[in-house]
Amino acid sequence: MSDFARQVEVLRPQLLRFARAQLRNDAWAEDAVSDTVLAALEKPQSFAGGSQLKTWLVGILKHKLIDQLRRHTREIASSPDDDSELEDLVFVPDGHFRDRDQDWGNPEGALHERQFFVVLQACVDHLPPTQARVFMAREWLELDAKEICKEMSLSSTNLWVLLHRARLRLRECLQARWFAVAAAKD
Amino acid sequence: MSTIRKFFKRSCRQVSRLISDREERPLGPIDRVALRLHLKVCDTCTRYEQQVKFMRRAMGSWKNYADEE
């Protein structure tokens, strides 16, 4: 195995983590990562070396993830999340947040802690599958709403509801697993 | 409560949706006023607004952070 191939292999598990978070299907994730690794090994000369290898691979992976979403549009659309009760859990009947005291103070410090990103990933992995795919496509693949609707055959309203629910869920999860824990330590 | 106030009154449940939607589409003029009036008096939704923005930054940093491993 060439040195280049070895360096690419070392990064495979990290690519797979991202692919799984985006696709929520192990087989599709394996395919996306294999396609990425193949593309990289076929064209090592297109890696300029200036950027980091991983950044370059993640750039390829993004395209392969979009390919997978496209390929499996029908399967994704055929199993929508059943998450209609979420808002009744987050809000009390009069429309107020049930938990009104989630004060994250100045949360920026969390962005320097490795453990925070482990928790963030766990929280994203914990979202219902369609919410996770849409949220990752928006915030990780950085597609705009129009592209996501097209690739995943969603209406705009549908997309907005999914993103809204994903954000409500993430807030609950980050509160429970990170900010409440940090507050208890202080 | 004045009729105008009533017209613009929204619950936190409704406002949380507007806060998320605003990241995706321009809000209509009535929604914009309703959102602003609500945020003036509601600490929880003001915090939620910041939490939504923070979560967006965190997702961006996650990618960059992982890039630096």
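Q: What makes the largest nonpolar core of this predicted model a core?
A: A nonpolar core is a set of buried Ala, Val, Leu, Ile, Met, Phe, Trp, Tyr and Cys residues joined through C-beta atoms within 7 Å. Buried means that 20 or more other C-beta atoms, placed from the backbone, lie within 10 Å of a residue's own (12 or fewer is exposed, in between partly exposed). The largest such set here has 57 residues, and A:Ala19, A:Ala32 and A:Leu57 are among those with the most contacts inside it.

Q: Which helix gives the largest share of this core?
A: That is α9 (residues 156-185) of chain A, with nine residues. A helix is a DSSP run of H or I with at least four residues, a strand a run of E with at least two, numbered from the N terminus. Chain A has nine helices and zero strands.

Q: Why does the core lie between domain 1 and domain 2 of chain A?
A: Both domain 1 (1-71) and domain 2 (81-186) give residues to this core, so it lies between them. Those bounds come from an automatic or database domain assignment.

Q: Which residues is A:Ala32 in contact with, leaving aside its neighbours within four places in sequence?
A: They are A:Ala19, A:Leu23, A:Leu61, A:Lys64, A:Leu65 and A:Gln68. Contact means that the two C-beta atoms, placed from the backbone, lie within 7 Å.

A note on reading the names and values: residues are numbered from 1 along each chain as its sequence is written, and chains are lettered from A and ligands numbered from 1 in the order written. In this predicted model, local features need pLDDT of at least 70 and side-chain atom pairs count only at pLDDT 80 or more, while totals for chains, interfaces and linings use all residues.
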